[in-house]
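Please load the model in the viewer and keep the selection panel at hand. The stops below are meant to be followed in order.

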Amino acid sequence: MATIQLKTQVPGPKSKALAERRASAVPRGLSHATPIYVAKAEGAVLEDVDGNRYIDLAGGIGCLNVGHRSPGVISAVRDQLDKFLHTCVQVTAYESYVRLAERLNELTPGNFPKKTMFVNSGAEAVENAVKIARAATGRPGIIAFEDAFHGRTMMTLSLTSKTHPYKAGFQPFPGEVYRVPYAYCYRCSYSLKYPSCDLYCARHLEDTFQRVVAHEGVAAVIAEPVLGEGGFVTPPLDYFSTLIEICHKHGVLFIADEVQSGFGRTGALFASERYGIEPDILVSAKSLGGGLPLGAITGRAEIMDAPGPGGLGGTFAGNPVSCAAALAVLDQFEQQDLRTRANELGDHFQKRAREWQKRWPMIGDVRGLGAMQALELVQSQDRREPAGDETKQVTQYCYEHGVITISAGSYGNVVRLLMPLVITDALMDEALDVLEGALKTVYEKKHEAQPV
Ligand SMILES: Cc1ncc(COP(=O)(O)O)c(C=O)c1O
């Protein structure tokens, strides 16, 4: 029996009424991918306030790799609720904070002494990684990438690339941020092709130190191993090691922002493992908390210890309920092979998507690592003009037919998949059938409208 059940046209009357209340109570700057209001969720399924049931391929933007209401997470949170909710770790500490730090120190790539601290979000984790890198090197500069997304606070907006809607109107941003092209092979900034390019974009960092900012003024290069909001751009597997070699030659640290790519999403606990790299600092958040807010900064012990006592922290940072949830998330990764599952889901999607690509040339690129998979939509396969409107139509068709998907990309023309890794094969296929229907409908509509 199908899991998707739509009892009303969506959005239903109750969701519509809530959307009206939201419009008068909440600023419009907070956009919404779908106009539905959730009543409950389990695994990879959501039910809205009108009783409609959807398959969730967005996972609250990649925060639910272990699934909605994972039983281990729920039970750990319940236990913690019976003990205490907040004390502030800087006032009276608790063991779960320390245990979680120990486990992340062990699980993150790199066989060297590490330390970890916790915050409330991905952006706050990136902010702290920058503070720590500057304190450790005594240098101000940070090099970030085109199409990067690191958050919405002022420093992270400075690191983020996309102008509208993220940055425009919010200037000035903190300085000493320099931007270079990413390894976006489908839209190579140097019009080269991998592997004959010999990773020109990575090697070009030497040139940046020569022509843009002196290396002795640069604390760190920060990169997402797979771009998240930037469109699930997946660099060649030897890209980051080349980049890091140049960083280290010049005493520049490498920060991996694994906020979206972490916790099994790419078929390894961290995407850095897929690239065979050991970041000096690794930033994580999203799925770490299994649905609760938590961010982590893990790094080489001597780097993490650079700021003096009192230089780091935050009132709610590393809240005990979030720490309990995160420990349960890590237990689930020990008990359940979610990494293999991520690869299976990714392979299955790729197989179907490559068939779609042959039928509908609107699909320019199919790419991803593990279960971090995406379709980049274009007006034509040879000219590659971004198809942003068509992407919106695809995601709209999906939610109207019971599947929650979200878009990404600097041109808004990427459909990305962030389903919980506990999704069953049957559910995944039911959702992919809807996505297939969306692509077919949008493609056929576009070609009806444009006589050839
Ligand atoms: C790679 C990356 N870094 C940082 C952030 C910011 O995280 P948060 O929204 O928790 O502040 C995000 C959010 O999407 C992200 O994808």
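The tour passes from the ligand to a sheet, then to the nonpolar cores and a lysine. The model is predicted.

**Ligand site**

Begin by selecting the ligand together with its surroundings: Ser121, Gly122, Ala123, Phe149, His150, Gly151, Glu224, Glu229, Asp257, Val259, Gln260 and Lys286. Three of these residues merit a distance label. For Ala123, choose the backbone: an N or O atom there lies 2.8 Å from an oxygen atom of the ligand. For Gln260, choose the side chain, where a polar atom is 2.8 Å from a ligand oxygen atom. For Asp257, a polar side-chain atom lies 2.7 Å from a nitrogen atom of the ligand.

**The four-stranded sheet**

Next, display β11, β12, β15 and β14, which form an open sheet in that order with antiparallel pairing. At its edges stand β11 (363–369) and β14 (406–408); each has a single partner strand, so one side of each lacks a neighbour in the sheet. Neighbouring strands are turned by 30° against each other on average, direction ignored.

Now restrict the view to β12 (residues 372–377) and β15 (residues 414–417), an antiparallel pair with four bridges. Which residue of β15 is the bridge partner of Gln373? The partner is Leu417.

Then add helix α13 (residues 338–359), which lies across β11, β12 and β15. Relative to β11, helix α13 runs at about 170°.

**Nonpolar cores**

Select Trp356, Leu375, Leu435 and Leu439, the residues with the most contacts inside the largest nonpolar core, a set of 90 residues. Centre on Leu439 and leave aside its neighbours within four places in sequence: Leu439 is in contact with Trp356, Trp360, Met362, Ile363, Leu375, Leu377 and Val394. A second core is separate and has 49 residues, including Val180, Phe232, Ala256 and Val414.

**Lys446**

For the last stop, select Lys446 in helix α15 (residues 425–449). Is Lys446 buried or exposed? Its relative accessible area is 10%, and because buried means under 20%, Lys446 is buried. With neighbours within four places in sequence set aside, Lys446 is in contact with Met362, Gln379 and Glu390. Label the pair formed with Gln379: the two side chains make a polar contact at 2.4 Å. Met362, in contact with Lys446, is also in contact with Leu439, which leads the view back to the largest nonpolar core.

Notes. Residues are numbered from 1 along each chain as its sequence is written. This is a predicted model: local features need pLDDT of at least 70, side-chain atom pairs count only at pLDDT 80 or more; totals for chains, interfaces and linings use all residues. Side-chain values use heavy atoms; hydrogens and water are left out. Two strands pair if DSSP finds at least two bridges between them. Helices (H or I, at least four residues) and strands (E, at least two) are DSSP runs, numbered from the N terminus. Axes are lines fitted to C-alpha atoms, for helices over the stretch in contact, and angles run from 0 to 180 degrees between N-to-C directions. Contact means heavy atoms within 4.5 Å. A nonpolar core is a set of buried Ala, Val, Leu, Ile, Met, Phe, Trp, Tyr and Cys residues joined through side-chain atoms within 4.5 Å. Buried means under 20% relative accessible area, exposed over 50%, partly exposed in between (1.4 Å probe, protein chains only). A residue is near a molecule or strand if one of its heavy atoms lies within 4 Å of it. A polar contact is a pair of N or O atoms within 3.5 Å; within protein, one must be able to donate a hydrogen and the other to accept it, and residues adjacent in sequence count only if both atoms are side-chain atoms.
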